[in-house]
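Biologist: Could you walk me through reading a few features here, starting with how strands pair?

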Amino acid sequence: MTIQASMGDGNKVKGLVYKDKSKPTDVRHSNINAAKAVCDAIRTSLGPRGMDKMIQAGNGEVTITNDGATILKQMNVVHPAAKMLVELSRAQDVEAGDGTTTVVVVAGALLDAAEKLLSRGIHPTAVSESFQRAASHAVEILTGIATPIQLDNREQLVKSASTSLNSKVVSQHSSSLAPLAVDAVLKVVEPGREQVVSLSDIKVIKQLGGTVEDTELIDGLVFPQRVANVNGPKRIEKAKIGFIQFCISPPKTDMDHNVVVSDYAAMDRVLKEERTYILNIVKQIKKAGCNVLLIQKSILRDAVSDLALHFLDKIKCMVIKDVEREDVEFVCKSLGCRPIASLDHFTAENLVTAELVEEVGVGGNRMVKITGAQNAGKTVTLLVRGSNKLVLAEADRSLHDALCVIRCLVRKRAVIAGGGAPEIELALKLAARADTMEGIDAICLRAYANALEIIPFTLAENAGLNPIQTVTELRNRHAKGETSAGINVRKGTISDILEENVVQPLLVTVSAISFATETVRSILKIDDIVNTMT
């Protein structure tokens, strides 16, 4: 009896081990489904006719956006494979800045293709390696159909920026925002060092009031706060600016110390000392000839006391306090100055000159503008305006995408057509290549080629066209050799998309395809999810 039971147990164990063979398949299936769910959620916001998402945060904050990276960042994603797609769109945002929805949609289509290949019994490693080869062919083909551009061709750059803005909420303002983005990036490009063009040199300040069309580019510095003075000057020409990192207020004792003052004489002495201490600092400021003072924000005590402000008013020195710590580098680069950390270094040679410093009223708010700095660095400020918070935040995000597009063109000077044209071209060329091959490689390459058709398919679907009919016609036009035929969303037809001025940087599409393939390969390689002990 006991023997029988142990035999039965043995069978049970064997049965378990045998059953476990299906686990990798289940895990892959679950991973692919989770990732596809993320892709489906974001697919409707692709293209100029894409829908926007309203995201409600836990604290009641509402965001309305069309930017793939923003939607995914704020989505509550639990599944680890779906999180990989969130990381994917973030990587695309860092690398190219635009195409964050495209990259997720392509990854979803490739996963769908991979799932069909796996169900036919092809090994995941074989699929993964074929996809890798297909991606490198795709990059070669894209580079072959790209048109090189020159940075002095401003019109071409504006076209690319407005294509990026056309799919956003603020698309009706693209004619005024695109030239701003182009000018901003071209101002901060250092000749000979185009590869390192940094968007941190472009400061975007958001200001409620007015409309998006009131957005302006300021060649100088803007501080979004008022002048700290009570009745000091509000406008200074030929300003001498000092940027200090120390406080003009009485020193504080340590946190756990108290000073007990018992009689009036001691009290008077404390006040007198305080007055002398502050007066000494103000005298030094006057001696150096400074008439505009920027003060870094202080955490432990007031950066500038009322008494200090009174004295600074007397010497007619404008005070701008609470300069944020993270803005210090930008301010120094814009004015070509160095922050002064102690009073001993507050001398005339550490000051910088600027043509004009004035307080201006913008949309019911006051802000300080500094223009004409003597040895200004290559920085620029964009003042974004909007009638309400939602539009303002989205204008800021859209402008960021447009700036990134121009940065891509500065780094890699080539553009390709938009409107699904490059993806269809890739699909046809890769399918033709698959016909010359044989075996599993050919099957995988054809599946990869078909998956790329998701972009024109989705563009047509979001625009309310018949997707199958549109993509078929698009394929026919490309088969006849019209490499720049794409979906003209405005007219609802297929036309030469370059004539419609719908262009995008080569870098955006290349990085989208490379990143999507990389992520799909990572997901295919996973065959188990292991929970660790906490």
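Modeller: Sure. Two strands pair if DSSP finds at least two bridges between them. The strands themselves are DSSP runs of E with at least two residues, helices are runs of H or I with at least four, and both are numbered from the N terminus. Before the cases: this is a predicted model, where local features need pLDDT of at least 70 and side-chain atom pairs count only at pLDDT 80 or more, while totals for chains, interfaces and linings use all residues. Residues are numbered from 1 along each chain as its sequence is written, and side-chain values use heavy atoms, with hydrogens and water left out.

Biologist: Which residue stands opposite Gly-386 in S12?

Modeller: Leu-208 does. S4 and S12 (residues 380-386) run parallel, joined by 7 bridges. Zooming out, the order S4-S12-S5 makes an open sheet of 3 strands with mixed pairing. S4 (202-208) and S5 (216-218) are the edge strands, each pairing on one side only.

Biologist: Now pockets. What space lies in the largest pocket?

Modeller: The search uses a 1 Å grid over the protein atoms alone: a pocket is an open set of points with protein on both sides within 12 Å along at least five of seven lines, and lining residues have an atom within 4 Å of a point. Volume is the space filled by probe spheres set on the points, which are joined across faces, edges and corners. Here the largest pocket holds about 680 Å³. Its lining has 41 residues, and nearest the centre are Gly-47, Pro-48, Thr-163, Ser-167 and Gln-504. H7 gives the largest share of that lining, 4 residues.

Biologist: How many residues of each class are in that lining?

Modeller: There are 13 nonpolar, 20 polar and 8 charged. In this scheme Ala, Val, Leu, Ile, Met, Phe, Trp, Tyr, Cys and Pro are nonpolar, Asp, Glu, Lys and Arg are charged, and the others, Gly among them, are polar.

Biologist: And the second largest pocket: what space lies in it?

Modeller: About 420 Å³. It is lined by 19 residues, with Ala-109, Asp-112, Ala-113, Lys-116 and Ala-451 closest to its centre. H2 (23-43), H5, H14 (440-451) and H15 each give two or more lining residues, and H5 has the largest share with 6. This lining splits into 9 nonpolar, 2 polar and 8 charged residues.

Biologist: H15 came up there. Why is it largely enclosed by the rest of the structure?

Modeller: Buried means under 20% relative accessible area, exposed over 50%, and partly exposed in between, with a 1.4 Å probe and protein chains only. H15 is largely enclosed because 7 of its 9 residues are buried. Among them are Ile-454, Leu-459 and Asn-462. The buried residues pack against H2, H5, H13 (421-435), H14, H16 (467-479) and S14. After H15 comes Gly-464, with a positive phi near 80°.

Biologist: What about residues other than glycine with a positive phi?

Modeller: Most residues other than glycine have a negative phi. Lys-316 has a positive one, about 55°; it sits in the loop between H10 (306-314) and S9 (318-323) and is exposed at 57% relative accessible area. Asn-501 also has a positive phi, near 65°. Its loop runs between S15 (493-496) and S16, and at 33% relative accessibility Asn-501 is partly exposed.

Biologist: Is His-173 buried or exposed?

Modeller: Buried, at 14% relative accessible area, though His-173 is in the loop between H7 and H8 (174-188). With contact meaning heavy atoms within 4.5 Å, and neighbours within four places in sequence left aside, His-173 touches Val-212 and Glu-213.

Methods:
1 Å grid on protein atoms, 1.4 Å probe; cavity = no way out; pocket = protein on both sides within 12 Å on 5 of 7 lines; lining within 4 Å.
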